[in-house]
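This report describes the overall build of a protein chain and then turns to its cysteines. The sequence and model are shown first.

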Amino acid sequence: MPELRLLSSHRLFDGSQRRYRHRSESLNCEMNFSIFLPPEISSIEKVPAIYWLSGLTCTDENFTIKAGAQRIAAELGVALIIPDTSPRGDFVASAPDAAYDLGLGAGFYVNATQAPWSRHYRMYDYVVDELPLLIEQHFPVNDRRSICGHSMGGHGALVIALRNPRRYQSISAFSPIAHPTTSPWGKKAFGHYLGHDIKNWRDYDASLLIEASRASEHLPMMVDQGDADEFLTEQLKTERLIAACKSVNYPAQITMRAGYDHSYFFISTFIENHLRFHAAALMPDVL
C-alpha cells in the first residue's frame with residue numbers, strides 16, 4: 001500500500017482528527033489530506049465517508065479548523081475526508097503573477113490538458129480515484145461516499161458527483177461556482193488548464209451537466225447560497241443552476257440564505273444540515 005506519513009493527530013469528541021502526507025501518482029507530487037475518524041470504529045465495522053472539497057486559496061486545514069463539523073460527524077458515525085485544493089511544491093507550476101485564482105491553491109478539480117499545468121494539475125483523478133482508494137486501504141472506511149464543498153470546491157463536488165453518480169450517495173455545496181464556463185474565475189482557470197476551445201470545458205460545468213442529463217438517476221442534492229455573498233452575481237451564477245435543475249426536473253434543494261456571505265461563518269452555521277443530509281443517504285437503514 002502507498003505510504004502515509006502522519007503530520008498531526010488530535011482527539012476531539014472521542015474521535016480522532018489527523019493530518020497525513022503521501023506521494024500522489026495522479027498529481028506527481030506529495031500531497032496532504034486531513035481525516036476525521038469518529039469514535040468506536042474498527043476494521044470490522046467500517047464507516048461511510050463524506051468528502052469535503054475546499055475553495056480558492058484554502059488547504060485541507062481551513063475546513064478542519066473553522067467549520068465545526070467534527071461534533072456532528074462523531075455523533076453520526078461518519079468519517080470526514082478533506083483533501084488539499086491543488087498540487088504543491090517548488091517544482092509545481094504556479095501563476096506567474098502569483099494570482100490567487102490560478103495555480104497553487106486553485107486546482108479547480110479538473111484534469112489539466114495544457115502545459116505546464118498538465119504535469120501536476122489532475123485534481124479530478126485524485127479526488128475521484130486515487131484518494132478514495134488510499135483512504136479505503138488504510139482506514140476503517142467503507143466505499144459508501146458522499147461529497148460536498150464550498151465555492152471552487154462546491155463546483156468540484158457537483159461536477160464530480162454528477163459525472164460519477166454511482167460512486168456517491170449524495171451531493172451538497174455551499175456557494176458553488178455553478179456555471180464556471182461563463183464565470184471570470186472559471187474562464188481564467190479553464191483557459192489555462194484546458195485550452196481555449198470552450199467545448200472542452202463543458203464536462204466541468206455543473207449547470208451544463210445537469211441540463212445534458214435526462215436520465216432518471218438523480219443523486220440527492222442540497223445547495224446553500226447566501227444572498228449577501230459578494231461573488232453571487234458575477235462568479236457563482238446560482239440562478240443558472242436553479243434554471244438547469246428546473247429544466248430537467250432535477251430534485252435539488254437549493255436554498256437562498258438571507259444575509260449570509262461567502263465566509264466560513266456561513267458554512268459553520270449550516271454544516272450540520274449538510275452532514276445530516278448526507279448521513280441519511282449514506283445510512284438509510286440507521287437514520
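Nine helices and nine strands make up the secondary structure of the protein chain. Its radius of gyration is 18 Å, close to the 19 Å that the globule rule gives for 287 residues, so the chain is as compact as a globular protein of that length. The model is a predicted one. Taken along the principal axes, the box filled by the C-alpha atoms is roughly 50 × 45 × 35 Å.

Of the 287 residues in the protein chain, 58% are buried. Contacts between residues at least 6 apart in sequence join residues at least 24 apart in 72% of cases. The accessible surface of the chain is about 12100 Å², and carbon and sulfur atoms account for 49% of that area. The chain carries 27 positive and 32 negative charges, and the mean positions of these two sets lie 3 Å apart.

The cysteines come next. The disulfide count is zero, where a disulfide is a pair of cysteine sulfur atoms within 2.5 Å. Two of the cysteines are set out below.

| Cysteine | Closest cysteine sulfur | Sulfur distance | Relative accessibility |
|---|---|---|---|
| Cys29 | Cys58 | 18 Å | 0% |
| Cys58 | Cys148 | 14 Å | 8% |

Why does the sulfur of Cys29 form no bond with the closest cysteine sulfur, in Cys58? The sulfur of Cys29 forms none because 18 Å is too far for a bond. The sulfur of Cys58 is likewise too far for a bond from the closest cysteine sulfur, in Cys148, at 14 Å. Cys29 counts as buried because its relative accessibility is 0%, and Cys58, at 8%, also counts as buried.

Technical notes. Residues are numbered from 1 along each chain as its sequence is written. This is a predicted model: local features need pLDDT of at least 70, side-chain atom pairs count only at pLDDT 80 or more; totals for chains, interfaces and linings use all residues. Side-chain values use heavy atoms; hydrogens and water are left out. Helices (H or I, at least four residues) and strands (E, at least two) are DSSP runs, numbered from the N terminus. The radius of gyration is taken over C-alpha atoms; the globule rule is 2.2 Å times the number of residues to the power 0.38. Buried means under 20% relative accessible area, exposed over 50%, partly exposed in between (1.4 Å probe, protein chains only). Contact means heavy atoms within 4.5 Å. Accessible areas come from the Shrake-Rupley method with a 1.4 Å probe; for residues, only the protein chains shown count as cover. Lys and Arg count as positive and Asp and Glu as negative; His and the chain ends are not counted. The place of a charge is taken as NZ of Lys, CZ of Arg, CG of Asp or CD of Glu.
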